[in-house]
Amino acid sequence: MKVALIGLGSVGRGVAEMLAKKDLGLTITGIADSKSAFMDPAGIDISRILANKKKNGSCGDQHLTAEDVIKKADYDALIEVTPTNALSGEPAIGYIRAALSRKKHVVTSNKGPIALAAKELRAMAKKKGVALRYEATVAGAIPVMHTLEHGLAGNEILALYGVLNGTCNFILTRMAAEGLTYEQALMEAREMGYAEADPTYDVQGIDAAIKLVILANTIWDNGVKLSDVDRTGIDLLTPDALRLADEEGCTIRLIAEANPKKHLLRVSPRILEKNHPLVNDGTLNALTFETDMAKEITLIGRGAGSIETASAIIGDLLYIRDHYVQRA
Ligand code: HSE
């Protein structure tokens, strides 16, 4: 299957490296970053592109753009991994529309288009007979969407609650373990590449709230928006608050929760016992679904990181290859 890759930040590089390293039958025929692009219908030498990018900051021809790749390259599936713009969703919404209009499948890690325009984009994909998959938008490597779609098929999802932001989990873990201030811990998270381009998205709970909106709309199709989420971040938490929780055998985690029957859609720091299933260290995310048949199911895994997010994207690509492209 031929793929075009748009975005060469942390996630895009992770995908490119894994496609170059693993023999998955996926060939990159178009690639673009914010300043340049490159196309070759016979397949691109990814190692050379990544080396170029590292050396001179460009992935190819500076007269070509992401739009050129999306509109002209020869590919089956677009991998859209540009940075999230939660206000407009652009330019990613335009990229996705352009690929779908060419009857190309789309896999994205970009939360903006899915939080803002999932209904429209899903309808467009359906009309064109192609897939729009976004496993990587929520909880990094954890196969949340695959679990909902397959493992929990036929269940009614009654409620969900979880840790959906790896950066906040990392910061809270480091503050509790080492007594670091919030600023010190955030600096470490940025150095490790976990935080969003604008880390206020992480620490003010916006990133977790966007993921909550994506989950709620995927599960209940209830048209909720970011502004519907009752949101408090971790940016005002002090090391003292964590120390006091610790004295009670507890700790603090940023919890996202949704329960449509109770009209609950909230992201806030919560005090939890240390042995609670949602209390995990580092960038781990955890998500509990309450369902009618399976009862409670909790998934735990890496919620951020280049290769971890590539895992979710590659899972979506292989799903498309097996269910659409090879059957065509
Ligand atoms: N900044 C996000 C996080 C990355 O820390 O969870 C994954 O969406």
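A residue counts as buried when its relative accessible area is under 20%, as exposed when that area is over 50%, and as partly exposed in between. Keep those cut-offs in mind. The model here is predicted.

Start with H263. It sits in the loop between β9 (250-259) and β10 (264-273). Its relative accessibility is 74%, so H263 counts as exposed. Its backbone also deserves a look. H263 is not a glycine, yet its phi is positive, about 55°. Most residues other than glycine have a negative phi.

D221 has a positive phi too, near 50°, and is likewise not a glycine. Look for D221 in the loop between α10 (206-220) and β8 (230-231). Its relative accessible area is 45%. That value falls between the two cut-offs, so D221 is partly exposed.

One more backbone feature lies in the loop between β4 and α4 (92-101), where P91 is placed. The peptide bond from E90 to P91 is cis, with omega near 0°. Most peptide bonds are trans.

Now turn to strand β1 (2-6). Four of its five residues are buried, so β1 is largely enclosed by the rest of the structure. What does β1 pair with? Its partner is strand β2 (residues 27-32), in the parallel sense, over five bridges. One of the residues to find here is I6, whose bridge partner in β2 is A32.

Move on to D33, in the loop between β2 and β3 (37-39). Is D33 buried or exposed? Its relative accessibility is 8%, which is under 20%, so D33 counts as buried. Setting aside residues up to four places away in sequence, D33 touches L8, K53, G57, S58 and C59. Two of these contacts can be described further. The side chain of D33 makes a polar contact with the side chain of K53, at 2.9 Å. The side chain of D33 also reaches the backbone nitrogen of C59, at 3.5 Å.

Next comes helix α12, residues 306-325. How far apart should its ends be? At 1.5 Å a residue, its 20 residues should span 28 Å. The end C-alpha atoms are 26 Å apart, which agrees. Several residues of α12 are buried, among them A310, I313, L317 and I320. The buried set also includes D316 and R321. What covers the buried residues of α12? The cover includes β1, met above, along with α1 (10-21), β4 (77-80), β5 (105-108), β6 (132-133) and α6 (144-151).

Finally, look at the ligand. The residues around it include K111, N165, G166, Y194, E196, D202, G303 and A304. Some side chains can be placed precisely. An N or O atom in the side chain of K111 is 2.8 Å from an oxygen atom of the ligand. E196 has a polar side-chain atom 2.7 Å from a nitrogen atom of the ligand. For D202, an N or O atom of the side chain is also 2.7 Å from a ligand nitrogen atom. How much of the ligand does the protein bury? Taken alone, the ligand exposes 260 Å², and the protein buries 90% of that.

T283 leads back to some of the residues around the ligand. T283 lies in the loop between β10 and β11 (284-291). At 8% relative accessibility, under the 20% cut-off, T283 counts as buried. Leaving aside neighbours within four places in sequence, T283 is in contact with G166, F170, Y194, G301, R302, G303 and A304. Of these, G166, Y194, G303 and A304 are also among the residues that surround the ligand.

How values were computed: Residues numbered from 1 in each chain as written. Predicted model: local features only at pLDDT ≥ 70, side-chain atom pairs only at ≥ 80, totals over all residues. Heavy atoms only, no water. Helix = DSSP H or I, 4+ residues; strand = E, 2+ residues; numbered from the N terminus. Expected span 1.5 Å × (residues − 1). Buried < 20%, exposed > 50% of the residue type's maximum accessible area, 1.4 Å probe, protein only. Contact = heavy atoms within 4.5 Å. Near = heavy atom within 4 Å. Polar contact = N/O pair within 3.5 Å; in protein donor to acceptor, adjacent residues only side chain to side chain. Areas by Shrake-Rupley, 256 points an atom, 1.4 Å probe, with all protein chains shown as cover. Pairing = 2+ DSSP bridges.
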